[in-house]
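Please open the model in your viewer and keep the selection tool at hand. The stops below each give something to select and then describe what is found there.

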Amino acid sequence: MSLLELHGVTKSVRLPDDSVLEILRGIDLTVSAGEHVSVVGRSGTGKSTLLNILGLLDAATDGEYLLDGVPIGRLRSRQRARRRGEGFGFVFQQFHLLPGRTALENVIAPLLYARGRMFWRRRTIAADMLDRVGLGTRMDSMPEHLSGGEQQRVAIARALVRTPRVILADEPTGALDLETGAEIMTLLDSMATENDAALIAITHDLAVASRAKRHFRLGDGVLTPLDLPTEDRAPDDVPISRADQSPAEDEPSDDEREFVS
């Protein structure tokens, strides 16, 4: 059984002029535990909307979403909130760290809603997670005193501190330089593999997308398979930056060309 299943999922909103805007149209997607999946698309194609539906932050207009075989539409709002808090970890482009709180306090925050042993050991658990992402010596630092890469590591520690089964990453490297972004994706990959968690990365960056085992393109609200070389299959074929390619190199494929700005 797949961990996540979307069948014919749509999302539309009614505009002030009473017209209907279709954001997602007939999305089908299955993701198993331990899988790394990427979804590529330009801004405004519905990537974040898809992520919000997957993460139980938003509801589909139509279609079916199964989580562990259970139809999400049949759950009450409190049950959905509990599943979201216990089973999902969110990593966003803009970090969203709590101002005026230390790195440790930011990572502790999700554990305030935990139960039992995890709640009572929240400080130790959060400190251990920060140490694992390489910030063991920066626990008492405020966000404004951390670099962009360090802030993203805090955000990742916060997302993973409850050992989620699903990691949803929305442009996780968009605010970072290339080297730091590569480090962040390596960290996400390793943590997901260790916990047998599904990792779904929403991105416009082909280098980030190529790290996944399966790739999809989202355009005009429609999700279709995308053929990209994966890192383990052809690591030298996916450039970190198109600006680093010389004119003599091979021309990009049609799929690649569409997403290179």
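At what angle do helix α6 and helix α7 pack, and how far apart are their axes? Before selecting them, bear in mind that this is a predicted model. Now select residues 148-160 for helix α6 and residues 178-195 for helix α7: the two pack at an angle of about 15°, and their axes are 10 Å apart. Because angles under 35 degrees count as roughly parallel, α6 is roughly parallel to α7. The crossing in which α6 passes α7 is right-handed.

To see the contact itself, show the side chains of Gly149, Gln152, Arg153, Ile156 and Leu160 on α6, and those of Thr180, Glu183, Ile184, Leu187, Leu188 and Met191 on α7, since these are the residues that make the contact. Coloured by character, the residues of this contact between α6 and α7 divide into six nonpolar, three polar and two charged.

**The whole chain**

Zoom out next and display the protein chain as a cartoon, where the secondary structure comes to nine helices and ten strands. The chain has 261 residues, of which 47% count as buried. If you switch to a surface display, the accessible surface comes to about 13500 Å², with 47% of that area belonging to carbon and sulfur atoms. A contact map offers another view: among contacts between residues at least 6 apart in sequence, 69% join residues at least 24 apart.

**Asn106 in helix α3**

Select Asn106, which lies in helix α3, residues 103-108. Is this residue buried or exposed? Asn106 has a relative accessibility of 0% and therefore counts as buried. Once residues up to four places away in sequence are set aside, the residues that Asn106 touches are Leu97, Leu98, Arg101, Pro143, Val154 and Arg158.

**Two residues with positive phi**

Most residues other than glycine have a negative phi, and the next two selections depart from that pattern. Go to Asp68, in the loop between β4 (62-67) and β5 (70-71), where phi is near 55°, a positive value. Asp68 is partly exposed, its relative accessible area being 30%.

Then move to Phe95, which lies in the loop between β6 (88-92) and α3; its phi is near 50°, again a positive value in a residue other than glycine. Phe95 is buried, with a relative accessible area of 11%.

**Thr203 and Ala209**

Select Thr203, placed in strand β8, residues 198-203. Thr203 is buried, with a relative accessible area of 1%. Which residues is Thr203 in contact with, leaving aside its neighbours within four places in sequence? They are Val39, Val40, Gly41, Lys47, Glu171, Val208 and Ala209.

Follow that list to Ala209, which lies in helix α8, residues 206-209. Ala209 counts as buried, because its relative accessibility is 0%, and buried means under 20% relative accessible area. With neighbours within four places in sequence again left aside, Ala209 is in contact with Ser38, Val40, Thr203, His215 and Leu228; Val40 is thus a contact of Ala209 and is also listed for Thr203. For a distance label, pick the C-alpha atoms of Ala209 and Leu228, which are 19 residues apart along the chain and separated by 8.1 Å.

**Arg80 in helix α2**

For the last stop, select Arg80, whose place is in helix α2, residues 77-87. Arg80 is partly exposed, with a relative accessible area of 27%. Apart from residues up to four places away in sequence, Arg80 touches Leu56, Ile72 and Leu75. Finally, draw a line from Arg80 to Gly55, C-alpha to C-alpha: the two are 9.6 Å apart in space and 25 residues apart in sequence.

How values were computed:
Residues numbered from 1 in each chain as written. Predicted model: local features only at pLDDT ≥ 70, side-chain atom pairs only at ≥ 80, totals over all residues. Heavy atoms only, no water. Helix = DSSP H or I, 4+ residues; strand = E, 2+ residues; numbered from the N terminus. Buried < 20%, exposed > 50% of the residue type's maximum accessible area, 1.4 Å probe, protein only. Contact = heavy atoms within 4.5 Å. Areas by Shrake-Rupley, 256 points an atom, 1.4 Å probe, with all protein chains shown as cover. Axes fitted to C-alpha atoms, helices over the stretch in contact; angles between N-to-C directions. Parallel < 35°, antiparallel > 145°, perpendicular 65-115°, else oblique. Left-handed = near helix turned anticlockwise from the far one by under 90°. Nonpolar A, V, L, I, M, F, W, Y, C, P; charged D, E, K, R; others polar.
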